[in-house]
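The exercises below are to be worked through with the sequence and the coordinates at hand. Each task is followed by a solution in steps.

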Amino acid sequence: MRKTMLTGVRPSGSLTLGNYLGAIKNFVDKQELYDSYIFLADLHAITSYIEPKKLKHAIKDAIAMYLACGVDPKRTTIFKQSDVLEHGTLGFIMTFQTKISELSRMTQYKSKANTCHKDGVDTGLFVYPTLMVADILLYNTHIVPVGKDQQQHVELTRDLAERFNKRYGNTFEMPDVYVAPVGNKILNLQNPLEKMNKSDDGNNKGTIFLLDDIDIAKKKIMSAVTDGYNRVHFDEDNQPGISNLMSILSKITGEDFSSIEQRYLGRGYGEFKREVAEVVADLLRDIQAKYRIYCDEELQNHILVEGAKQAETIAKETLFRVKQSMGLQ
């Protein structure tokens, strides 16, 4: 029996090079090895208010982008979270397995709570991790490819699955996280102490969006912050900017850090940046050409309808098993 791999994408903002290299590429590279599922996390997108027309557009855009990035509907079940009602039901059940202190420790909640306005944080932001737990557990998931900054959610999933199994009997698979050893967290080009964030303004020179104009993307690489060492060397503590560019190059080309360092002995940062810029430009051209094809609404609808049918079959079986374990069935 093949193992299951699952990931989700929240349709809220344009995808970045960091999203692709840190998470999407990991999934695409492994999708043939597993029973693979990828879902559009539209319920997660409404943890705070989003204008309906904007959300609808974001969902279509996200589907097109993931297909353009290499997610193959012949190998991967692709669907919308809200089309499979079991997500909401199990999310509600898993909330009852969770302690307030556990949700209070979640990084995104803590970050927003410290910067929110006087109206406070929406409840959705506080409890959405339990829905994420349900997303993973519904499909008997064995592996969840994520960026380094998302490991906390899989750790919570494991904790709650273990707690549920102890209370009600062996019901859930224990998922494992997969973080790629290279490029697991692509950082901001202007501030390599922060991640490349898709909520950044489109004019931010530190973030490369997958739909950026090619020339603009290359200029962002060329203006990336470096340091005064003038050596291409991977050292995240002392040379975070150069290390970030090396991660980008290595993740796209497959060349390891030691080989890159050897090639650039005695050569300057300008030459190195030009190579990174060209490699990124080639990647974006390919993704953008495919994106235009997958924007077709009829094609998207067909993929999502078929995907939801397949996902629902597994989700119903899991929820039935959960309800039996709890005495609800």
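**Exercise 1: the buried side of a helix**

Determine which residues of helix H8 (residues 214–222) are buried, and how they are arranged around the axis. In this predicted model, the buried residues of H8 are Ile214, Ala217, Lys220 and Ile221. Because they cover an arc of only 120° around the axis, they lie on the same side of H8. An α-helix has 3.6 residues a turn, so residues three or four places apart point the same way. The next step is to look for what covers these buried residues, which includes helix H9 (240–253) and helix H11 (269–294). Finally, at the start of H8, the backbone nitrogen of Asp215 has a side-chain oxygen of Asp213 within 3.0 Å.

**Exercise 2: an acidic side chain**

Find which side chain of opposite charge is nearest to Glu261, and decide what this implies for a salt bridge. Glu261 belongs to helix H10 (residues 257–263) and is buried. The nearest side chain of opposite charge is that of Arg231, 7.9 Å away; because a salt bridge requires the charged atoms to be within 4 Å, Glu261 has none. The side chain of Glu261 does, however, form a polar contact of 3.1 Å with that of His233. Beyond its neighbours within four places in sequence, Glu261 is in contact with Val232, His233, Phe234 and Met246.

**Exercise 3: a loop residue**

Establish whether Leu138 is buried or exposed, and which residues surround it. Leu138 sits in the loop between helix H6 (123–137) and strand S4 (143–145). With a relative accessible area of 0%, Leu138 is buried. Apart from neighbours within four places in sequence, its contacts are Glu86, His87, Leu90, Ile314, Ala315 and Thr318.

Technical notes
Residues are numbered from 1 along each chain as its sequence is written. This is a predicted model: local features need pLDDT of at least 70, side-chain atom pairs count only at pLDDT 80 or more; totals for chains, interfaces and linings use all residues. Side-chain values use heavy atoms; hydrogens and water are left out. Buried means under 20% relative accessible area, exposed over 50%, partly exposed in between (1.4 Å probe, protein chains only). Helices (H or I, at least four residues) and strands (E, at least two) are DSSP runs, numbered from the N terminus. The arc is that of the directions from the helix axis to the C-beta atoms. Contact means heavy atoms within 4.5 Å. A polar contact is a pair of N or O atoms within 3.5 Å; within protein, one must be able to donate a hydrogen and the other to accept it, and residues adjacent in sequence count only if both atoms are side-chain atoms. Lys and Arg count as positive and Asp and Glu as negative; His and the chain ends are not counted.
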